[in-house]
Amino acid sequence: DDIFNAADNDADFLAMEIVEYITKYFGMAIRNIMINIDPEFIIIQGMYADAGKYFDHTLKKNLNRFKYLPQNDSGKIFYDNREVWHLAVLGTSMCMIERFMNNESLYK
C-alpha cells in the first residue's frame, strides 16, 4: 500500500518505477489472456484492486503499446476490492440456489 500511495500521491520516483515494473508484467499476463482466451472483461482482485490511479494508468498505457490488440481492449479491466470470503459466500449462495432452489424435481 505504501508503494502505491507514494506513486499516486507523492509522485515518488522509486515508487513509480516499482509500479511501472509491476504493470509491465501484469500487462504481459493480461495480453496473453486477451490473445488466448479473448475474455469480455478482466477483473483484478486482491491487493492490486486498490493499487491506485497510477497503477491503472500505467497498466493501460502498457497494454496500448501492443498494436496487435484493439485499442479499446484496455478499457475492459475492472477492479474488485471485495474480500475473498465475501466472494466465496456469494459463489456458494449462487451454487445452492442453482442446485437446490431452482430444481423443481426436489419439491414435487
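How many residues apart are D56 and K60 in helix α3? I started my notebook with this pair, and I kept in mind that the model is predicted.

**Entry: the pair in α3**

I found D56 and K60 four residues apart in helix α3, which is about one turn of the helix. I then looked at their side chains and noted a salt bridge between D56 and K60, with the closest N and O atoms 3.6 Å apart. I also looked up how open K60 is: its relative accessible area is 24%, so K60 counts as partly exposed.

**Entry: the other salt bridge**

How many salt bridges does the count come to? I got two. Besides the pair in α3, I wrote down R82 and D80, whose closest N and O atoms are 2.8 Å apart. Is D80 buried or exposed? I read a relative accessible area of 12% for D80, so this residue is buried. Its partner R82 has a relative accessible area of 40%, so I put R82 down as partly exposed.

**Entry: back to α3 for N62**

I returned to helix α3, which runs over residues 53–64, to look at N62. I noted that N62 has a relative accessible area of 8%; buried means under 20%, so N62 belongs in that class. Which residues does N62 touch, not counting those up to four places away in sequence? I listed E20, T23 and K24.

**Entry: the two sides of α1**

Next I moved to helix α1, residues 2–10, and marked F4, A6 and A7 as buried. Why are they on the same side of α1? I saw that they cover an arc of only 165° around the axis, and that puts them on the same side of the helix. On the other side of α1 I found D2, N9 and D10, which are exposed. What covers the buried residues of α1? My list includes α2, residues 13–36, and also α3.

**Entry: two positive phi values**

I reminded myself of the background here: most residues other than glycine have a negative phi. With that in mind I followed α1 to its end, where A11 comes next. Where does A11 lie? I placed A11 in the loop between α1 and α2. I noted for A11 a positive phi of about 50°, although this residue is not a glycine. A11 has a relative accessible area of 51%, so I wrote it down as exposed; the cut-off for exposed is over 50%.

I made a similar note for D38. Phi of D38 is near 55°, again a positive value in a residue other than glycine. I found D38 in the loop between α2 and β1, where β1 covers residues 42–45. Is D38 buried or exposed? At 59% relative accessibility, I counted D38 as exposed.

**Entry: a nonpolar patch**

My last stop was the surface. Which residues make the nonpolar surface patch of about 760 Å²? I wrote down M94, M96, I97, F100, M101, L106 and Y107. I picked M96 from this list for a further look and placed it in helix α4, residues 84–101. M96 has a relative accessible area of 44%, so I noted it as partly exposed. That fits the patch rule, because patch residues need over 30% relative accessible area.

Conventions. Residues numbered from 1 in each chain as written. Predicted model: local features only at pLDDT ≥ 70, side-chain atom pairs only at ≥ 80, totals over all residues. Heavy atoms only, no water. Buried < 20%, exposed > 50% of the residue type's maximum accessible area, 1.4 Å probe, protein only. Contact = heavy atoms within 4.5 Å. Patch = residues over 30% accessible without salt bridge, like charges linked within 9 Å, V, L, I, M, F, W, Y side chains within 5 Å. Areas by Shrake-Rupley, 256 points an atom, 1.4 Å probe, with all protein chains shown as cover. Salt bridge = Lys/Arg side-chain N within 4 Å of Asp/Glu carboxyl O. Arc of directions from axis to C-beta.
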